[in-house]
Amino acid sequence: MRTINIHEAKTHRSRLVEQVAAGEPFIIAKAGKPVAKVGPLSAPAGTGIRRLGFIEGQGIVPDDFDAIARDEIDQLFAGG
């Protein structure tokens with residue numbers, strides 16, 4: 001794994017970020033001593049595929065689902 005000093009990391013930040021995104025991590029050193037490891041995220045937020053319907057057919061929703069505990073919910077919201 002490459003080691004890069006802080007000055008070079010600041011100077012070439014954009015290029016280094018592109019390389020990390022391509023899967024090439026590196027270490028940042030200060031005065032020759034490693035201080036940080038920079039690597040790609042395993043799964044960037046918001047890029048995953050949503051699996052809709054993945055539990056379809058594994059349960060039953062009753063016809064009166066919207067009415068379940070209606071009185072209790074009304075009391076909680078009304079302050080009763």
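## Exposure and the loop residue Ala31

A residue is called exposed when its relative accessible area is over 50%, buried when that area is under 20%, and partly exposed in between. In this predicted model, Ala31 has a relative accessibility of 79% and therefore counts as exposed. Ala31 belongs to the loop that connects strand S2 (26-30) with strand S3 (33-38), and its phi angle is near 55°, a positive value in a residue other than glycine.

## The loop between S3 and H3

A positive phi is also found at Ala69, where the angle is near 55° and the residue is again one other than glycine. Ala69 lies in the loop between S3 and helix H3 (70-78), and because its relative accessibility is 38%, Ala69 counts as partly exposed.

Asp66 is likewise placed in the loop between S3 and H3, but with a relative accessibility of 65% Asp66 falls into the exposed class. Along the chain, Asp66 and Glu18 are 48 residues apart, and in the model a distance of 50 Å separates their C-alpha atoms.

## The three-stranded sheet

Strands of a sheet pair through backbone hydrogen bonds, and the pairing may be parallel or antiparallel. Here, three strands form an open sheet in the order S1-S2-S3, and the pairing within this sheet is mixed. Strand S1 (2-5) and strand S3 are the edge strands, each of them pairing on one side only, while the twist from one strand to the next averages 35°.

Strands S1 and S2 run parallel and are joined by four bridges. Thr3 stands opposite Ile27, a residue of S2.

## Helix H2 and Gln19

Which strands does helix H2 lie across? The helix lies across S1, S2 and S3, and its direction makes an angle of about 160° with S1.

Gln19 is a residue of helix H2, which spans residues 13-21. When residues up to four places away in sequence are left out of the count, Gln19 touches Arg2 and Glu24. With Arg2, the side chain of Gln19 also makes a polar contact to the partner side chain, at 2.6 Å. Arg2 falls within the residue range of strand S1 (2-5), and the contact made by Gln19 of helix H2 can thus be followed in the model from the Gln19 side chain to the side chain of Arg2.

Technical notes. Residues are numbered from 1 along each chain as its sequence is written. This is a predicted model: local features need pLDDT of at least 70, side-chain atom pairs count only at pLDDT 80 or more; totals for chains, interfaces and linings use all residues. Side-chain values use heavy atoms; hydrogens and water are left out. Helices (H or I, at least four residues) and strands (E, at least two) are DSSP runs, numbered from the N terminus. A polar contact is a pair of N or O atoms within 3.5 Å; within protein, one must be able to donate a hydrogen and the other to accept it, and residues adjacent in sequence count only if both atoms are side-chain atoms. Contact means heavy atoms within 4.5 Å. Buried means under 20% relative accessible area, exposed over 50%, partly exposed in between (1.4 Å probe, protein chains only). Two strands pair if DSSP finds at least two bridges between them. Axes are lines fitted to C-alpha atoms, for helices over the stretch in contact, and angles run from 0 to 180 degrees between N-to-C directions.
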